[in-house]
Each structure stands twice: as structure tokens, then as C-alpha cells.
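Here are my notes on the model, set out as numbered points. Please read them with the sequence and the coordinates open beside you.

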Amino acid sequence: MNGPVNDTPILAIRDLQIDAVPAGGPPRRLVDGVSLSVAAGEVLGIVGQSGSGKSLSAFAVARLLPDGVRLAAGSVHLGGQRIDDLDEGRMRALRGGRIGFVFQDPLSSFNPVRTIGSILIESIRRHQRLDAKSARALAVEMLTRMRLPGKDACVDAYPHQLSGGQRQRAMIALALANGPDLLIADEPTTALDPTIQLQILALLKQQTAGRASILITHDFSVAAAICNQIAVMHQGRLVESGPAAQVLTDPQHDYTRSLLRHARLAPAATGEA
Ligand SMILES: Nc1ncnc2c1ncn2[C@@H]1O[C@H](COP(=O)(O)OP(=O)(O)O)[C@@H](O)[C@H]1O
Ligand SMILES: [Mg+2]
């Protein structure tokens, strides 16, 4: 990056503790002592097996925890401002505004009876002062930027009319429409065919420039493709984190080594000839 370095990270999570609180039973710790930070221009990969606490850790940032799960302790700062104690109205303004989300399965995240455009326009108008016409123009612009085809870039299409890869492009357009500082993508390519996965990863890599991004994946090869920082989670704890090149080539933990052995990394990612 050029220019002076601002050393306040966009996102700083400190000592997160997340509990399951079953009705009538004692709380059970699901995430224990996770601390992470992400600076502008960084893509942090959170890597670990299914159930290791990746999604809960990332979604706790915007207090998007499922029923029966609560943030028991810890703090979250966005751009230096504490946000874990914001009231619900202010938190709602951050979601889809300064924090954009991409989920694994866009078909279940999009309302099937609404066009892609109407979903985008609603989000744009909730977060920006734009009239209907300008909001639609911005929706078309975002979809075009994500390379959706046609003159209007599928703005009037329904989710089921798009392919899986196109739907994920539309979801990335939605996540980025309000210019978020922080982008959180949870297994964004897991549901896609391998060639489409590569296209979506390339698109994400391009779109993460200048913001802070978190990419959640169980697949080290996905993290290796676009992340410059990697954090490895195992059973609710962070086992290791650092620059991607270091974690990939010189892992400090047995667990990281075993995950890496099972990943099909391109030779360039590990520095092997
Ligand atoms: N609503 C819930 N109630 C109880 N436990 C949950 C709930 N959601 C997730 N968990 C548990 O929390 C752990 C971490 O979940 P999650 O963060 O979704 O894992 P990952 O994203 O790494 O696959 C898992 O053991 C999961 O079973
Ligand atoms: Mg998950």
C-alpha cells in the first residue's frame, strides 16, 4: 500500500468468549479467547474444520449469533470505535452498511419472490440517501462490476433464474453496494463447482483491495489463494495466526500441519518448486 500507514486496524476483536445457553442447562463455551485484528488492505483467512467456531467468531462482530448463543465476554472495535455494546438500531445500521456479508448459499439468503435488483435497491436506500432512480443505477453498476451479463446485468432477474456462480456474484454486489469498511465472507465458494470457485475467488480478491476482509473457509487452498493473514481455529480456540506465507510454509502447530497435509495447495502457495 502507498501513503502513510494508519495503524488503527479496521477490525479489532479482543478475547471473545461465546457460549451456548441452553434453556434449563448450564452454559457451554463454544468460542474461547479469540483475538484478531484486520487492517485496511488485509484479507484474513479464518481456517479450521467444521464446528471449530469460525462462523460464530466472525458473526459475533455484528452480533449475528443464533438463538441460544451469546457473547459472554470480549470486545469488538470497528475503526477504533467499540461496537459490541451498541444498541440494536445502531448495530442494524452497521450490518449491510459498514460491514458487508457474503454467505455460503445465496439461494437461501435471497428472498425467492423478489428480484435481485429490488433486494439491492432496498439495501442501498436503507444506507444511502439516494432516490429510487439513482439507487437502481447504482444496483446495475454494482452488478455490472461483478460481471453479471446483459445490458441491465440481471437487475430484474429472480434468484432462481441465475446460476450458482451468478447468484454469488449478486451477493457480493449486495455486500459491497454500500462501500463497507469490513467484508465478511463465510465459505463463499464452498457450494460452487471448482472452476466457478476460482472465478469467485478472483473476483473477491479484486474487490477486497483497500478494505478489511475476513474469509472463512475449511479449505486451506481457498485461504492460500487470496489471504495475506491466516488464523487457524480448532475446537473454539485460535491455535495459530500470522502472515499467510509464514503459516503456509512454516506452520507452528501440529493441527495446522495436519490441515495443510490434507489441502491441495497449488505449488506456488507453499513455495515448493
Ligand atoms: N445455535 C447453536 N446452539 C448451540 N451450539 C451451536 C449453535 N450454533 C453453533 N453451535 C456450535 O458452536 C460450534 C462452532 O460453530 P460454528 O462457528 O458454526 O463452526 P464453523 O463455522 O467453524 O463450522 C459448533 O460446535 C456448533 O455445534
Ligand atoms: Mg461456519
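1. In this predicted model, F101 stands opposite I184 of strand β7. The two residues belong to a pair of strands, β6 (residues 99-102) and β7 (residues 182-186), which run parallel to one another and are joined over 4 bridges.

2. The side chains of β6 are worth following one by one. I99 and F101 point one way from the strand, whereas G100 and V102 point the other way, and all of these residues are buried. This fits the general rule that in a regular strand the side chains alternate between the two faces of the sheet.

3. Strand β6 also has a part in the largest pocket, since β6, α4 (116-127) and α6 (164-176) are the elements that give two or more residues to its lining. The volume of this pocket comes to about 480 Å³. Its lining is made up of 19 residues, and those that lie nearest the centre are G96, F103, S123, R126 and L174.

4. Which element gives the largest share of that lining? Helix α4 does, with 5 residues. By class, the lining of the largest pocket consists of 8 nonpolar, 6 polar and 5 charged residues. At least three of the lining residues come from each of two domains, namely domain 1 (6-98 + 180-273) and domain 2 (106-177).

5. A separate matter is the antiparallel sheet, an open one in which 4 strands follow the order β2-β1-β4-β5. Its edge strands are β2 (28-38) and β5 (81-82), each of which pairs on one side only. Strand β4 (residues 69-78) is joined to β5 by 2 bridges, the two strands running antiparallel, and H77 stands opposite R82 of β5.

6. Finally, consider helix α10 (residues 254-262), in which Y255, T256, L259 and L260 are buried. Why can these residues be said to line one face of the helix? Seen down the axis of α10, the buried residues fall within an arc of 135°, and they therefore line one face. As a general point, an α-helix has 3.6 residues a turn, so residues three or four places apart point the same way. The face of α10 turned away from the buried side carries D254, R261 and H262, which are exposed; for the reader who wishes to check this, buried means under 20% relative accessible area and exposed means over 50%.

Key: Residues are numbered from 1 along each chain as its sequence is written. Chains are lettered from A and ligands numbered from 1 in the order in which they are written. This is a predicted model: local features need pLDDT of at least 70, side-chain atom pairs count only at pLDDT 80 or more; totals for chains, interfaces and linings use all residues. Side-chain values use heavy atoms; hydrogens and water are left out. Buried means under 20% relative accessible area, exposed over 50%, partly exposed in between (1.4 Å probe, protein chains only). Two strands pair if DSSP finds at least two bridges between them. On a 1 Å grid over the protein atoms alone, a cavity is a set of points where a 1.4 Å probe fits but cannot get out, and a pocket is an open set with protein on both sides within 12 Å along at least five of seven lines; lining residues have an atom within 4 Å of a point. Grid points are joined across faces, edges and corners, and a volume is the space filled by probe spheres set on the points. Ala, Val, Leu, Ile, Met, Phe, Trp, Tyr, Cys and Pro count as nonpolar, Asp, Glu, Lys and Arg as charged, and the others, Gly among them, as polar. Domain bounds come from an automatic or database domain assignment. The arc is that of the directions from the helix axis to the C-beta atoms.
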